[in-house]
Amino acid sequence: MQKSSLNTNQPLTDSEQRAIDEKWMTLAMQLAHEAELKGEVPVGAVLVQDDVLIASGFNLSILNHDPTAHAEMECIRQAGQVLENYRMLDTTLYVTLEPCAMCAGAMVHSRIKRVVYGADDLKTGAAGSVINLLQHPTFNHQLEVTSGVLAVECASQLSAFFKRRRAEKKAAKQASIMQTK
Ligand SMILES: [Zn+2]
């Protein structure tokens, strides 16, 4: 049997936990890239239990005409089917961008134990940036929250996408002006 600190009752050291968090966040970033290839805002999410992948998802709102098709919602829906349970006890959800209020609400309902996210979302973040629904004291479930894992990488993936999209829109606008001349 493979020797692993996960198989013992010893708590992980901070650096061991960090390495695990970065490994899964890297996978979430790959899923975000898949979203981007489909023309979606690049956000990706994975759900993990005992260091094993349970489910994954990425943004599909534009393609599916569905404002609820955020990466976390796609991931949670898939996890429900895999676990055949609407409770996701002892799981960790990794997502490249701070969850919004809708996704944070779904995480509370699903009893996910811990959320790890990359970049802060200063406009709609519901894990502390705008509001903290994941640790609301009067809700019946509070999650552990770890922020800032591969934050620079996750944020630059998003900002590069928006920069490119602005440039494409500008180019398209100029092309249409040229056509009308
Ligand atoms: Zn969301």
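Which handedness, left or right, does the crossing of α3 and α4 have? In this predicted model, the crossing of α3 with α4 is left-handed, and the legends below take up that pair together with the sheet, the other helices and the annotated positions.

**View 1. Overall layout of the predicted model.** The protein contains five helices and five strands, and from the N terminus on these elements follow one another as α-β-β-α-α-β-α-β-β-α. Measured out along its principal axes, the C-alpha trace of the protein spans about 70 × 35 × 30 Å. According to the unreviewed UniProt entry, residues 19–130 are listed as "domain: CMP/dCMP-type deaminase"; the span of residues 19–130 is 41% helix and 22% strand, and its end C-alpha atoms lie 28 Å apart.

**View 2. The open sheet of five strands.** The strands are arranged in the order β2-β1-β3-β4-β5, and their pairing is mixed. At the edges are β2, residues 52–58, and β5, residues 144–146, each of which pairs on one side only, while the twist from one strand to the next averages 20°. Strand β1, residues 44–49, runs antiparallel to β2 and is joined to β2 by six bridges; within this pairing, Val 46 has Ser 56 of β2 as its bridge partner.

**View 3. Helices α1 and α3 against the sheet.** Helix α1, which comprises residues 14–37, lies across β1, β2, β3 (92–97), β4 (114–119) and β5, and runs at about 145° to β1. Helix α3 also packs on the sheet, where α3 touches β1, β2 and β3, and the direction of α3 makes about 140° with that of β2.

**View 4. The contact of α3 with α4.** The axes of α3 (residues 71–83) and α4 (residues 101–110) come within 9 Å and cross at roughly 25°. Because angles under 35 degrees count as roughly parallel, this crossing makes α3 roughly parallel to α4. On the α3 side the contact involves Glu 72, Met 73 and Ile 76, which meet Cys 103, Ala 106 and Ser 110 of α4; by type, the residues of this contact divide into four nonpolar, one polar and one charged.

**View 5. The contact of α1 with α5.** The axes of α1 and α5, the latter formed by residues 151–180, come within 11 Å and cross at roughly 5°, an angle that makes α1 roughly parallel to α5. Met 29, Ala 32 and Glu 36 of α1 make the contact with Glu 153, Cys 154, Gln 157 and Phe 161 of α5, and the residues of this contact divide into four nonpolar, one polar and two charged.

**View 6. The positions annotated as "binding site" in UniProt.** In the unreviewed UniProt entry, this annotation covers His 70, Cys 100 and Cys 103. Although these residues span 34 residues in sequence, no two of their C-alpha atoms are more than 9.1 Å apart, so they gather at one spot. His 70 lies in the loop between α2, residues 61–64, and α3, whereas Cys 103 is one of the α4 residues that meet α3 in the contact of View 4.

Key. Residues numbered from 1 in each chain as written. Predicted model: local features only at pLDDT ≥ 70, side-chain atom pairs only at ≥ 80, totals over all residues. Axes fitted to C-alpha atoms, helices over the stretch in contact; angles between N-to-C directions. Helix = DSSP H or I, 4+ residues; strand = E, 2+ residues; numbered from the N terminus. Parallel < 35°, antiparallel > 145°, perpendicular 65-115°, else oblique. Left-handed = near helix turned anticlockwise from the far one by under 90°. Contact = placed C-beta atoms within 7 Å. Nonpolar A, V, L, I, M, F, W, Y, C, P; charged D, E, K, R; others polar. UniProt positions renumbered as here; feature names shortened; annotations may be inferred. Pairing = 2+ DSSP bridges.
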